[in-house]
2 protein chains.
Amino acid sequence: MIHDDATEAVFPIRVVAEKTGINPVTLRAWERRYGLVRPQRTAKGHRLYSEHDIHTITRILELLQQGAAISRVKDMLEESDTGHAPGALPHEPGTEGARTEVWTEHLRRMVTAVSAFDERALEATYSEAISVYPVDLVTRLLLEPLLHELTVRWEALPHAEAERRFLQGYLRNKLGARFHYQSLQSSGARLLLAGLPGEHVETPILMLALAVVSAGYRAILLGADCPLEVLEHACARADAAGLVVHADLLLPQQLLGQLRQLSETLPCPVFVGGNCTGSQRTALQDAGLIVLDADAAGTLQALRNALPAPD
Amino acid sequence: MIHDDATEAVFPIRVVAEKTGINPVTLRAWERRYGLVRPQRTAKGHRLYSEHDIHTITRILELLQQGAAISRVKDMLEESDTGHAPGALPHEPGTEGARTEVWTEHLRRMVTAVSAFDERALEATYSEAISVYPVDLVTRLLLEPLLHELTVRWEALPHAEAERRFLQGYLRNKLGARFHYQSLQSSGARLLLAGLPGEHVETPILMLALAVVSAGYRAILLGADCPLEVLEHACARADAAGLVVHADLLLPQQLLGQLRQLSETLPCPVFVGGNCTGSQRTALQDAGLIVLDADAAGTLQALRNALPAPD
DNA sequence: CAACAGTTGTATAATTTTTGTATAAATAAT
DNA sequence: ATTATTTATACAAAAATTATACAACTGTTG
């Protein structure tokens, strides 16, 4: 499939600026300073951007949103173009421990933003946090407490269901983008991942998926509230090295029985994560499942123990 | 189908100017400077435009509308005429026919990728398409047909539920990221957006949300399967200028009644999108709802009619 | 902790290009 | 004879170009 680039490049810089939200000055600065994008030129030197260039800009925007430095974006683009994979984003093994008031302040602002349905304020706080702290930390000390705090609050105020939905939409998009990005980079064994029947909330599943992916495995997401029969079929068809299920709620006895049966049937190990691992740990282990603890390190360890290490 | 151009070429330049809204001076400048349009001439050199010429001008106008530079438009027209090579932007059904095999090929590859649970292959195809064609076109000619094709297929093969979930996860992340990004840019009136009770699929809602946002409004997403009471509360609390609900399935009579009541209660207009607008259009209109057609242009028009234009 | 250098988005200035429109002189149409 | 259309030249506003500068941050180093 051959394209004549010259004939595709039609958009002047102003249009591109409007389409992408990037100031023309900035676009030129990126090109001059980092060689980013480099569109066609007319005989007189005016820039003509193609659809492909615009797509590149959106990719840049995605990377920036994940906290990448603009000066390093070019390499990342090239790496992901040449197919083979880079180590994703800089994760500083930070030495930050307490400083809890920072987080409670962020938390407070995010709660306020949610009750005003103000996505921009939500984003502002989140991206402020993400620009200071590594992603994992923000997830663990901000997003998870936020979800927890609001869940508690909503139980007392049932009419605030809309706010819960709003926040979940935001988090789903946010975590989903991160998962998607990391997913394309990962290359280890394939793990199926789904929420058990009755679990309708997606965000904790996405968090678990992120942990799995950043442990070096590939994750195939099958979403929330997934029937066990589907998982059984999918394991075979997808040639999965393992199955990870998620449950926050208490599992009924019947489901536990079905899970035991499933883990005996399947040729691959079955892991379980989520809050149910606290209260029902032994029951789950008796059913032949491998319990994933809430912390990332423990999750990684458990996966590595039961599976060949991915790298 | 060959026409005798001479018999069709009858419109003097002034008439064409009136029909198209383009100043005669400008029409001549386009012809002189870029070789655009070139109508027949009388023996003494007066321009005589044919119906086809006028159609060409319409196409030019569409391209300009999408931001193409006038100096580049000629190449694009020629490209899409020679059928080969992607005319980047043209949205007209007339010239799409010749290029459908591009889309069926992409479609085929995506179907294959889904049944192999291969996110990277999925991404590769999608990203190739998106780098050549504008987002809207890819959504309309690739993603929507893909969803439709696989839905049909899954009805015949119920065991492939896992594949459906896999694809929906992918699309949700993809569309969600786009929505999130656009959302932060948008600044118009706020519209609440949700799937009606019984509608569990998120992707069509996200597509509708993207249309709303690119029409210049802000969208507050409340997710799929949303109870009407939640919407009623949320409209007040979020100070929304409108409510958009989505439904692909047929709406039961009871829900129609509740919708009528809702639209009478709320101070803002209520819009409805999705496949149900085809079969239940009049019933929905009787209930006081404003129907959003499937195409983006119609959606935009309907929103603008009922709300103050955002920009 | 202060000083310094690097990063990065924006701003400004001086020029040039693009693009729609205006004008003039000549010819054609009605 | 009056009204249109044509070509060619000209003009002006909008938009693009490069180059330089700057402000707000970042991180490093003494």
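The following legends describe close-up views of salt bridges in a predicted model.

**View 1. A salt bridge within helix H5 of chain A joins Glu78(A) and Lys74(A).** The N to O distance between the two side chains is 3.8 Å. Both residues belong to helix H5 (residues 70-81), where they stand 4 residues apart, about one turn of the helix. Glu78(A) is partly exposed, its relative accessible area being 41%. Lys74(A) is also partly exposed, with a value of 29%.

**View 2. Lys74(B) and Glu78(B) form a salt bridge in chain B.** Here the side chains meet at 3.5 Å, N to O. The two residues lie in helix H5 (residues 73-81) of chain B and, because they are 4 residues apart, about one helical turn separates them. A relative accessible area of 29% makes Lys74(B) partly exposed, and Glu78(B) is partly exposed at 40%.

**View 3. A salt bridge connects Asp293(A) with Arg281(A).** The closest N and O atoms of this pair are 2.4 Å apart. Asp293(A) is in the loop between strand S7 (290-291) and helix H15 (296-306) of chain A, whereas Arg281(A) is in helix H14 (residues 281-286), so the pair ties together parts that are 12 residues apart in sequence. Asp293(A) counts as partly exposed at 32% relative accessibility, and Arg281(A) is partly exposed at 30%.

**View 4. Three charged residues of chain A share a network of salt bridges.** The linked residues are Glu31(A), Arg41(A) and Arg47(A). For context, a search of the whole structure finds 22 salt bridges over all chains.

How values were computed: Residues are numbered from 1 along each chain as its sequence is written. Chains are lettered from A and ligands numbered from 1 in the order in which they are written. This is a predicted model: local features need pLDDT of at least 70, side-chain atom pairs count only at pLDDT 80 or more; totals for chains, interfaces and linings use all residues. Side-chain values use heavy atoms; hydrogens and water are left out. A salt bridge is a side-chain nitrogen of Lys or Arg within 4 Å of a carboxyl oxygen of Asp or Glu. Buried means under 20% relative accessible area, exposed over 50%, partly exposed in between (1.4 Å probe, protein chains only).
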